[in-house]
Amino acid sequence: MITLESSSLFRHLPAAELKPVLAAVREKCFAPGQEIFRESEPADGVYVVKSGHVEISSAVGVGQRHVFARVAPGDFFGEMAVLDHHPRSATASAMEATETFFVPRE
C-alpha cells in the first residue's frame, strides 16, 4: 500500500507544502468495475491510487471503449480536467477492489 507522501505526484513536495494537502485529502474505496468518474462530468479533484488498479478509457462508438491507461498504486489520474478547468475527458473505473486518495481541487 502506498502513502500519499510517497506517490509520484507528491513525493518531492516539502513537508510544509504537503501539510495542507494531507489535511484536505479523503480516502475513497471502489469495488471492481465501479466508475470513479465519468467522461464529461465536472472535475472536482485529483486521485492517487493507494491500492488496486484503475483503467482510464473513453467512448469510441456505441458500446465501445478505448483504454488509454492503467494506473497502478502510487500513480495519479484526473489531473488534466482539474488543470484545464474542462469536464473530464475520460472515464476512470476500478479494475479490482481499489483504494484512492482524493485531493479536492480547492
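**Why the labels fit**

Visitor: Why is F102 called buried?

Guide: In this predicted model, F102 has a relative accessibility of 1%. Buried means under 20%, and 1% is under that cut-off, so F102 counts as buried.

Visitor: What makes Y47 buried?

Guide: The same cut-off applies, under 20%. Y47 stands at 3% relative accessibility, so it counts as buried.

Visitor: Why does S93 also get the label "buried"?

Guide: S93 has 16% relative accessibility, which is still under 20%, so the label holds. S93 lies in strand β7. Leaving out residues up to four places away in sequence, S93 touches G33, Q34, E35, I36, H53, V54 and E55.

Visitor: And V60, is it buried or exposed?

Guide: V60 has a relative accessible area of 53%. Exposed means over 50%, and 53% is over it, so V60 is exposed. V60 is found in strand β4. Its contacts, again leaving out residues up to four places away in sequence, are R65 and H66.

Visitor: How many aromatic pairs does the structure contain?

Guide: A search of the whole structure finds four. One of them joins F37 and Y47, with 5.8 Å from centre to centre and 40° between the planes.

Visitor: Why is the pair of F37 and Y47 called tilted?

Guide: Ring centres must lie within 6.5 Å to pair, and 5.8 Å meets that. Planes under 30 degrees apart would be stacked and planes over 60 edge-to-face; 40° is neither, so the pair is tilted. F37 lies in strand β2 (residues 35-37) and Y47 in strand β3, so this pair ties together parts that are ten residues apart in sequence. Both F37 and Y47 are buried.

Visitor: What makes the pair of Y47 and F102 tilted?

Guide: Their centres are 4.9 Å apart, within the 6.5 Å limit, and their planes meet at 50°, which is neither under 30 nor over 60, so the pair is tilted. Y47 is in strand β3 and F102 in strand β8, so here the parts tied together are 55 residues apart in sequence. F37, Y47, F77 and F102 form one aromatic cluster.

Visitor: Which charged residues lie over the faces of F102 and F37?

Guide: K28 lies over the face of F102, at 4.1 Å from the ring centre. R88 lies over the face of F37, at 3.9 Å from the ring centre. A charge over a ring must be within 6 Å of the ring centre, and both 4.1 Å and 3.9 Å satisfy this part of the rule.

Visitor: How do you know that β1 and β8 pair?

Guide: Two strands pair if there are at least two bridges between them. Five bridges join strand β1 (residues 26-30) to β8, and the two run antiparallel. Among the positions along them, R26 has F102 as its bridge partner, and E27 stands opposite F101.

Visitor: What shows that β3 and β8 pair?

Guide: Strand β3 (residues 45-51) and β8 share six bridges in the antiparallel sense, and at least two are needed. One of the partners is V49, which faces T100 in β8. Strand β8 (residues 98-104) is mostly covered, with six of its seven residues buried.

Visitor: Why are β1 and β6 said to stand at the edges?

Guide: The four strands of this open sheet come in the order β1-β8-β3-β6, with antiparallel pairing. β1 and β6 (76-77) each have a single partner strand, so one side of each is left without a neighbour in the sheet.

Visitor: Which residues touch the most other members of the largest nonpolar core?

Guide: Of its 13 residues, they are I36, Y47, V54, I56, F77 and A92. Strands β2, β3, β4 and β7 (91-94) each give two or more residues to this core. I36 touches F30, Y47, V54, F77, A92, S93 and A94, not counting residues up to four places away in sequence. Apart from this core lies another, of eight residues, including L4, F10, V21 and V48.

Methods
Residues numbered from 1 in each chain as written. Predicted model: local features only at pLDDT ≥ 70, side-chain atom pairs only at ≥ 80, totals over all residues. Heavy atoms only, no water. Buried < 20%, exposed > 50% of the residue type's maximum accessible area, 1.4 Å probe, protein only. Contact = heavy atoms within 4.5 Å. Phe/Tyr/Trp six-rings, centres within 6.5 Å; stacked < 30°, edge-to-face > 60°. Lys NZ or Arg CZ within 6 Å of the ring centre and 35° of its normal. Core = buried A, V, L, I, M, F, W, Y, C linked by side-chain atoms within 4.5 Å.
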